Amino acid sequence: MTATASPKPDVIVIGGGLHGCSAALHLSMRGVRVLVLEKDHVARHASGVNAGGVRQLGRHVAEVPLSVASMALWHGIRDLVDDDCGFESHGQIKVAETEAELETVRARVAVLNALGFTHEEVIGQDELRSLVPAIADHCVGALVSRGDGAAIPFRTTFAFRRKAIALGARFQEGGAVTRLARNGGLWTVETADGAKYEAPVVVNAAGAWADRIAAQVGEPVPLEVIAPMLMITARVAPFIKPVVGATGRTLSFKQFPNGTVLIGGGLLGRAVRDENRTELDFSQVSVNARTVWDLFPCMRGATIVRSWAGIEARMPDQIPVIGPSGTEPDLYHSFGFSAHGFQLGPIVGRITADLITAGSTDLPIDPFRIGRFAA
Amino acid sequence: MSAQGSKFDFDIAVVGSGPAGLAAAALAASKGASVVLLDEQAEPGGQIYRAVTETPVRDRKVLGPDYWHGAELLGPLRDSGATHWPGTTVWSVARPREDAADGSRPIQIGLSRNGAASMLTVRHVILATGALERPFPIPGWTLPGVLGAGAAQVLLKTSGLVPSGATVMAGSGPLLWLLAWQYLQAGARIDAILDTTPRENWRAALPLLPGFLRSPYLGKGMKLMLDVRRKLTVIGNVTSLRAESGLAGGKGGEGVLKSVVYTRNGTEHRLPADTLLLHHGVIPNLNLANATGCAQRWDEQQRCWRPTTDEWGATSVEGVSLAGDGAGIGGARAAEEAGRLTALDALYRLGRIGREQRDQSAAPFRAALDRALTGRAFLDTLYTPAEAFRVPADDTIVCRCEEVTAGAVREAVRLGCSGPNQAKSFLRCGMGPCQGRLCGPTVTEVIAAERNVSPAEVGYYRLRPPVKPITLAELAALPKTDADIDAVFKH
Ligand SMILES: Cc1cc2nc3c(=O)[nH]c(=O)nc-3n(C[C@H](O)[C@H](O)[C@H](O)COP(=O)(O)OP(=O)(O)OC[C@H]3O[C@@H](n4cnc5c(N)ncnc54)[C@H](O)[C@@H]3O)c2cc1C
Ligand SMILES: Cc1cc2nc3c(=O)[nH]c(=O)nc-3n(C[C@H](O)[C@H](O)[C@H](O)COP(=O)(O)OP(=O)(O)OC[C@H]3O[C@@H](n4cnc5c(N)ncnc54)[C@H](O)[C@@H]3O)c2cc1C
């Protein structure tokens with residue numbers, strides 16, 4: 001079977017996560033014909049099940065310019081995708097439990113300020129108390145990024161997909177790309193069900209499976225498949241607005257408007273990517289619960305009703321791969337977001353569209369080039 | 001974590017102490033395996049024999065002879081040497097890791113007992129988690145005063161409680177008749193039974209009648225039904241139901257149940273009611289099996305999902321088997337025999353008995369199982385609930401935890417949600433404390449009907465542990481190794 005019914009796409013995007021959908025949207029906005037190939041269904045993996053944290057706070061300095069640009073898109077997300085994506089901005093806070101931790105965050109702010117970024121600020125105990133009245137007494141201060149927030153991941157990814165479709169993109173779900181070959185300036189992309197698609201340009205946004213696509217073009221990458229875990233509580237009376245993390249330990253803590261509290265932060269279960277399956281590690285979940293016990297005494301009686309994990313790609317340096325392939329022309333990568341790629345979704349799609357339609361982008365993406373792993 | 005023979009290490013864990021679990025644990029332990037029997041209830045017995053050791057209902061004729069058979073399963077359990085932990089909720093079963101360094105393949109069970117969580121290590125798990133009442137979503141089913149007939153029966157068995165005030169029972173299936181009969185024996189007031197069994201079902205069921213004529217249930221069932229019909233008002237061919245908090249003309253909404261509105265032969269009628277007991281059959285309680293990763297399939301005849309098992313109850317996950325109604329509805333006697341068969345297979349897999357011994361010992365149990373299942377197809381077909389009660393109208397709530405209506409699910413389908421997992425991500429339905437027990441089957445059927453495909457194609461929720469809520473305090477206090485804590489601080 002061949003996809004003859006509709007006109008040949010200009011670009012094939014492999015992967016229907018937020019990054020694939022965002023690339024599809026930005027390309028469609030520029031009149032490029034896009035076909036997205038997704039092996040399961042859109043937002044089935046990391047992009048649909050993550051914590052929804054929209055965070056500039058605490059990012060690797062290489063990511064900061066992208067994150068800041070993405071934040072601007074988040075604050076106008078309705079204009080971009082015709083849906084507010086459940087985005088709310090009540091700030092994100094990283095709590096310091098000791099003076100030493102507070103020193104660490106002060107040093108970080110100094111570094112950012114020197115680079116010209118002012119979105120992160122150090123606050124003392126009093127302001128921390130007023131922003132987060134429920135925080136444990138021992139916390140001495142915090143790092144805060146007031147423009148940060150959270151959104152609803154599945155809804156967000158779906159909204160990107162919907163808008164892209166409205167602008168002419170096509171989505172083919174339920175068939176994994178198994179082969180990729182370039183001949184005479186045209187890519188041939190084959191899926192598991194035997195279908196073949198052709199386009200001059202391909203985007204690899206295959207998340208935790210992206211190394212396999214890269215390997216097809218002789219470009220191996222040290223991608224680690226991880227399974228960050230989350231858990232959610234039964235409803236408790238609303239008591240907190242910002243998303244809270246910690247400086248010295250792993251935490252992400254957020255209450256939804258309906259009262260349920262989402263607890264995570266990146267503790268890992270186990271991923272079996274060939275089976276689309278994850279397994280939880282309850283000794284790690286327990287460590288996470290212990291952190292909440294320490295930082296939010298009011299949560300000790302809460303009940304946990306569900307936990308889960310998503311399959312995500314992590315790179316050794318914890319920052320993604322973004323940009324052109326090092327071995328083949330007309331192939332662009334966008335993967336390896338290392339458990340914090342949701343916030344970057346809106347901007348990285350734009351960057352990929354820039355690269356494809358204009359040959360360059362105004363954001364600094366050199367740190368993310370795939371060639372950095374070559375010995 | 002702990003050495004074999006310790007308090008937290010057994011050959012076999014049996015989850016559920018209904019007929020399936022009781023029989024499985026007793027047989028496995030009697031052959032020398034170390035067995036632990038876990039059940040969240042304070043007493044053994046499961047659903048059918050609920051509270052059989054302690055029930056205040058002393059008059060044996062109220063609950064009937066089938067109920068008292070349960071007591072006979074307790075002696076063998078006691079004599080077998082199995083460890084019995086009642087009051088223990090199992091919230092997770094982790095399949096064996098295929099990458100364990102030493103080649104051992106233990107299964108970890110997360111449980112909660114006396115307010116403390118802990119992990120148990122076993123080599124085989126028999127899930128005997130039984131059945132649940134099929135959700136019965138009608139307008140107003142969330143009103144106080146409306147409850148499942150099974151839940152009402154639990155109150156009768158455990159506390160001798162019967163409803164007070166005007167009471168209406170509605171639905172179909174053997175359990176509805178059984179409860180009505182038990183209430184009659186107990187002298188409770190039942191104003192009417194609204195029978196929703198679709199008339200057309202008879203046509204489909206009739207060819208299966210010969211099988212049912214040989215069923216052990218036939219005689220008992222007929223007598224019970226005749227008794228009930230003689231003494232109570234039974235209204236048949238009911239095609240729609242609504243629970244309302246107002247009396248005639250009143251609007252639904254706040255408050256408690258005041259009346260039941262039903263349609264019969266195209267005409268609407270109203271009955272005053274303080275209690276409405278709903279029931280239209282039971283379906284496998286597959287939450288634990290699903291969360292463990294056991295494959296499941298759609299059973300068109302029973303119109304429910306059931307875990308895939310072989311003739312020994314083995315699931316798709318190594319070391320995990322299923323017995324009883326949790327593997328597909330067969331009733332109490334079938335559950336008991338299936339329990340024995342899974343126990344024999346577990347003993348074989350653990351190397352305690354040979355294949356030949358397993359097969360020989362199994363023969364009488366298998367014959368008894370076949371007898372117990374005779375006539376099932378007739379009952380399943382006759383009592384398949386009408387579409388109107390499985391696929392409710394737009395304004396009916398399907399997910400009670402998150403208050404999601406059937407209309408919202410249909411809207412999500414129109415936006416591109418193709419199955420329950422997307423609906424869950426989209427609407428949060430099934431994300432509440434019940435983990436889909438009260439909405440899963442309905443959401444599957446609503447999506448299937450809206451997309452005009454089979455439920456098998458739209459699938460079911462992927463469930464995750466904890467399958468039962470546990471407190472943050474309990475989780476936080478789970479034993480941790482230093483390595484766990486290091487791994488976290490290094491991250
Ligand atoms: C539990 C958890 C919590 C997180 N919390 C946050 C957070 O709070 N904030 C934040 O910013 N980030 C967070 N993240 C990270 C974020 O979710 C990811 O970085 C981001 O979603 C990655 O998007 P993606 O499109 O690259 O990957 P994915 O969403 O995984 O999409 C990749 C898609 O490609 C498809 N695919 C793969 N191979 C093929 C193939 N051969 N053919 C066709 N399709 C293919 C896959 O099926 C998949 O759908 C979290 C992640 C997890 C797992
Ligand atoms: C509400 C209800 C009432 C019923 N009443 C009758 C009746 O009166 N007569 C009749 O013939 N049939 C009745 N049935 C049908 C019943 O399913 C079978 O007859 C029979 O009880 C099935 O036996 P079983 O051993 O498979 O499971 P069950 O008897 O249902 O036993 C399952 C046991 O597993 C335990 N369990 C489940 N999950 C967990 C967990 N995660 N952790 C710990 N423990 C767990 C439960 O507490 C329960 O005790 C009833 C069904 C229901 C749902």
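# Exercises on a predicted two-chain model

In this predicted model, the side chains of B:Arg189 and B:Asp191 come together in a salt bridge, with N and O 2.8 Å apart. Let's work from there.

## Exercise 1: A salt bridge in chain B

**Task.** Work out which exposure class B:Arg189 and B:Asp191 each fall into.

**Solution.**
- Step 1: Recall the cut-offs: under 20% is buried, over 50% is exposed, and partly exposed sits in between.
- Step 2: B:Arg189 has a relative accessibility of 45%, so this residue counts as partly exposed.
- Step 3: B:Asp191 comes in at 30%, so partly exposed is the class here too.

## Exercise 2: A network in chain A

**Task.** Find which residues are joined into one network by salt bridges that share partners, then look at the pair A:Asp83 and A:Arg162.

**Solution.**
- Step 1: The network is made of A:Arg78, A:Asp83, A:Asp84, A:Arg155 and A:Arg162.
- Step 2: Pick out one pair: the side chains of A:Asp83 and A:Arg162 form a salt bridge at 3.4 Å, N to O.
- Step 3: Place both ends. A:Asp83 is in the loop between α4 (77-81) and β4 (92-96) of chain A, while A:Arg162 is in helix α7 (residues 153-166) of chain A, so the pair ties together parts 79 residues apart in sequence.
- Step 4: Check the exposure. A:Asp83 has 11% relative accessibility and counts as buried, whereas A:Arg162, at 29%, counts as partly exposed.

## Exercise 3: Linking distant parts

**Task.** A:Lys8 forms a salt bridge with A:Glu198. Which parts of the chain does the pair link?

**Solution.**
- Step 1: Start with the distance: the closest N and O atoms of A:Lys8 and A:Glu198 are 3.1 Å apart.
- Step 2: Now place the residues. A:Lys8 belongs to the segment before β1 (11-14) of chain A, and A:Glu198 to strand β11 (residues 196-199) of chain A.
- Step 3: The two are 190 residues apart, so you have a link between distant parts of the chain.
- Step 4: A:Glu198 has a relative accessible area of 28%, which makes this residue partly exposed.
- Step 5: Zoom out: a search of the whole structure turns up 60 salt bridges over all chains.

## Exercise 4: Where the chains meet

**Task.** Describe the interface of chain B and chain A.

**Solution.**
- Step 1: Count the residues. 40 residues of chain B are in contact with 46 residues of chain A.
- Step 2: Look at the area. About 3700 Å² is buried between the chains, and carbon and sulfur atoms give 59% of that.
- Step 3: Go through the polar side. Eleven residue pairs with both residues at pLDDT 80 or more are in polar contact between the chains.
- Step 4: Two salt bridges are found across the interface. A:Glu279 and B:Arg95 form a salt bridge through their side chains, at 3.9 Å from N to O.
- Step 5: See what chain B brings. β4 (88-94), α16 (420-427), β22 (470-471), α19 (472-476) and α20 (482-490) of chain B each supply at least two residues of the side that touches chain A.
- Step 6: Sort that side of chain B by class: 20 nonpolar, eight polar and twelve charged residues.

## Exercise 5: Two buried residues

**Task.** Are A:Gln56 and B:Val260 buried or exposed, and what does each one touch?

**Solution.**
- Step 1: A:Gln56 sits in the loop between β3 (53-54) and α3 (64-75) of chain A. With 6% relative accessibility, A:Gln56 counts as buried.
- Step 2: Skipping residues up to four places away in sequence, the residues A:Gln56 touches include A:Ser67, A:Met71, A:His119 and A:Gln343.
- Step 3: B:Val260 is part of strand β13 (residues 259-264) of chain B. At 0% relative accessibility, B:Val260 counts as buried.
- Step 4: Beyond neighbours within four places in sequence, the contacts of B:Val260 include B:Val168, B:Leu194, B:His269 and B:Leu276.
- Step 5: Compare sequence and space: B:Val260 and B:Pro139 are 121 residues apart in sequence, with their C-alpha atoms 10 Å apart.

## Exercise 6: A helix and its cover

**Task.** Which residues of helix α5 (residues 149-159) of chain B are buried, and what covers them?

**Solution.**
- Step 1: The buried ones are B:Ala149, B:Gly150, B:Ala152, B:Gln153, B:Val154, B:Leu156 and B:Lys157.
- Step 2: The cover of these buried residues includes α2 (60-63), β7 (131-133) and α6 (174-186) of chain B.
- Step 3: Look just past α5(B): B:Gly160 takes a positive phi of about 70°.

How values were computed:
Residues numbered from 1 in each chain as written. Chains lettered and ligands numbered in written order. Heavy atoms only, no water. Helix = DSSP H or I, 4+ residues; strand = E, 2+ residues; numbered from the N terminus. Buried < 20%, exposed > 50% of the residue type's maximum accessible area, 1.4 Å probe, protein only. Contact = heavy atoms within 4.5 Å. Buried area = accessible area lost by both parts, 1.4 Å probe. Salt bridge = Lys/Arg side-chain N within 4 Å of Asp/Glu carboxyl O. Polar contact = N/O pair within 3.5 Å; in protein donor to acceptor, adjacent residues only side chain to side chain. Nonpolar A, V, L, I, M, F, W, Y, C, P; charged D, E, K, R; others polar.
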